[in-house]
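User: Good morning. I would like to go through a protein structure with you, one topic at a time. May I show it to you?

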Amino acid sequence: MKIFISADLEGVNGIALPEDVEEVGAGYAKACVFMTEEVNAAAEGAFAGGATEVIVCDSHNVSANIHPEMLDSRVQLLRGDTRRNSMVHSLDETFDGLITLGYHAKFGTQNAILDHTFAPKTIRDLRVNGVSVGELGFNSLFAAEKGVPLIMATGDQALEKEARDFYADVETVVVKYAEGRFCAKCLPREQTLKMIRETAEKAVKSAKQKKPVSVPKNPRMEVTFQQVNLADGAMRVPGTERVDSMTVAVSAENMDQLMALRQVVFGAGSDFYNPLF
């Protein structure tokens with residue numbers, strides 16, 4: 001049984017501030033240790049639940065956060081950010097379940113630690129066929145199209161709600177409770193790691209009984225940017241259409257194609273970002 005772990009950093013226990021998730025921040029080094037510990041706990045539980053292969057995709061920022069020397073020796077690590085499919089790169093039909101670990105709620109969610117949708121300075125909302133999705137939803141739709149269900153998600157209480165709204169049958173672990181965008185009540189580390197291990201074991205044991213959510217055919221993506229000039233930049237991508245001053249739309253044949261288009265549209269928009277205004 002193959003399990004794919006997509007690991008982000010904002011939803012890891014102990015993380016609450018921007019300084020914790022940026023390479024130049026004072027809390028970043030310790031945050032990477034916390035992230036690696038939570039990945040190990042999930043992997044340990046997955047193997048106990050029957051997994052024969054676990055791949056973890058380091059999916060925060062430049063994708064070089066997990067400490068390879070600390071990682072469970074049975075786990076394969078995807079590291080580095082020159083990849084086609086972003087946070088779920090190499091996930092295909094051979095996997096039996098997706099675990100989103102350390103994820104965060106989408107941009108604009110109240111009482112959610114470090115809420116954003118892929119790029120906090122540039123992206124306000126992302127919709128697939130009219131439904132607003134965050135990173136969890138978009139990546140899970142990509143997986144679902146390949147027949148791989150979302151079996152587990154970890155993060156704060158806002159992420160748990162987002163995950164269950166997306167797929168009611170998902171197993172979840174709340175590792176901290178947001179009391180503002182940059183304030184969290186964090187649970188004891190050992191308690192958190194124990195919950196992640198136990199939940200991962202349960203999730204993997206029942207993975208074969210999970211069915212992925214339905215995926216729209218010919219999905220249409222709408223991207224609302226934070227500024228008009230960003231939408232102007234995105235309009236350089238062939239096939240895009242202007243929905244309103246800050247929103248562009250593009251259609252694809254499937255989620256695999258839409259994954260590539262999302263990154264191209266985001267990149268074209270961000271080229272027009274100016275930090276001074």
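User: What volume does the second largest pocket have?

Analyst: Please keep in mind that this is a predicted model. The second largest pocket has a volume of about 210 Å³.

User: Which residues lie closest to the centre of that pocket?

Analyst: They are Val131, Ser132, Val133, Gly137 and Phe166, out of 14 residues that line the second largest pocket. Three elements give two or more residues to this lining: β6 (131-132), α3 (135-145) and α4 (157-166).

User: How do the residues of that lining divide into nonpolar, polar and charged?

Analyst: The lining of the second largest pocket has 8 nonpolar, 3 polar and 3 charged residues.

User: And what is the volume of the largest pocket?

Analyst: The volume of the largest pocket is about 860 Å³. Its lining consists of 27 residues, and those nearest the centre are Asn61, His116, Phe118, Ala119 and Pro120. By class, the lining of the largest pocket comprises 9 nonpolar, 8 polar and 10 charged residues.

User: Which element supplies the largest share of that lining?

Analyst: Helix α7 does, with 3 residues. Both α1 (18-21) and α7 supply at least two residues each to the lining of the largest pocket.

User: Phe118 was in your list. Which residue does Phe118 pair with edge-to-face?

Analyst: Let me begin with the aromatic pairs in general, as there are 3 of them in the structure. A pair of aromatic rings is described by how far apart the centres are and by the angle of the planes. One of the pairs joins Phe4 and Phe95: the ring centres are 5.4 Å apart and the planes stand at 85 degrees, and because an angle over 60 degrees counts as edge-to-face, this pair is edge-to-face.

User: Where in the chain do Phe4 and Phe95 lie?

Analyst: Phe4 belongs to strand β1 (residues 2-7), whereas Phe95 is in the loop between β3 (75-78) and β4 (97-101). The two are 91 residues apart in sequence, so the pair ties together separate parts of the chain.

User: Is Phe95 buried or exposed?

Analyst: Phe95 is buried, because its relative accessible area is 4% and the limit for buried is under 20%. Phe4 is buried as well, with a relative accessible area of 0%.

To return to your earlier question, Phe118 forms an edge-to-face pair with Phe266, with 5.8 Å from centre to centre and 65 degrees between the planes. This pair links distant parts of the chain: Phe118 is in the loop between β4 and β5 (123-128), Phe266 is in helix α7 (residues 255-270), and they are 148 residues apart. Phe118 and Phe266 are both buried.

User: Which residues do ring pairs link into a cluster?

Analyst: The cluster is made up of Phe118, Phe138 and Phe266.

User: What sits over the ring of Phe118?

Analyst: The charged end of Arg262 does, at 3.7 Å from the ring centre. There is a further case at Phe95, where the charged end of Lys2 sits over the ring, 4.2 Å from its centre.

User: A new topic, please. How many cavities of 30 Å³ or more does the structure hold?

Analyst: There is 1 such cavity, and the space in the largest cavity is about 40 Å³. Among the residues that line this cavity are Ser140, Phe166, Tyr167 and Lys211. The cavity lining divides into 8 nonpolar residues, 1 polar and 1 charged.

User: Now the chain as a whole. How many helices and strands does it have?

Analyst: The protein chain has 7 helices and 12 strands. Its radius of gyration is 18 Å, close to the 19 Å that the globule rule gives for 277 residues, so the chain is as compact as a globular protein of that length. The C-alpha trace spans about 50 × 40 × 30 Å along its principal axes. Of the 277 residues, 56% are buried.

User: Finally, is Tyr103 buried or exposed?

Analyst: Tyr103 counts as buried, because its relative accessibility is 1%. This residue is in the loop between β4 and β5. Its C-alpha is 19 Å from that of Pro188, and the two residues are 85 apart in sequence.

User: And where is Val75 found?

Analyst: Val75 lies in strand β3, and Val75 is buried, with a relative accessible area of 11%. The C-alpha atoms of Val75 and Asn40 are separated by 8.5 Å, while the residues are 35 apart along the chain.

Technical notes:
Residues numbered from 1 in each chain as written. Predicted model: local features only at pLDDT ≥ 70, side-chain atom pairs only at ≥ 80, totals over all residues. Heavy atoms only, no water. 1 Å grid on protein atoms, 1.4 Å probe; cavity = no way out; pocket = protein on both sides within 12 Å on 5 of 7 lines; lining within 4 Å. Points joined across faces, edges and corners; volume = space filled by probe spheres on them. Nonpolar A, V, L, I, M, F, W, Y, C, P; charged D, E, K, R; others polar. Phe/Tyr/Trp six-rings, centres within 6.5 Å; stacked < 30°, edge-to-face > 60°. Helix = DSSP H or I, 4+ residues; strand = E, 2+ residues; numbered from the N terminus. Buried < 20%, exposed > 50% of the residue type's maximum accessible area, 1.4 Å probe, protein only. Lys NZ or Arg CZ within 6 Å of the ring centre and 35° of its normal. Rg over C-alpha atoms; globule rule 2.2 N^0.38 Å.
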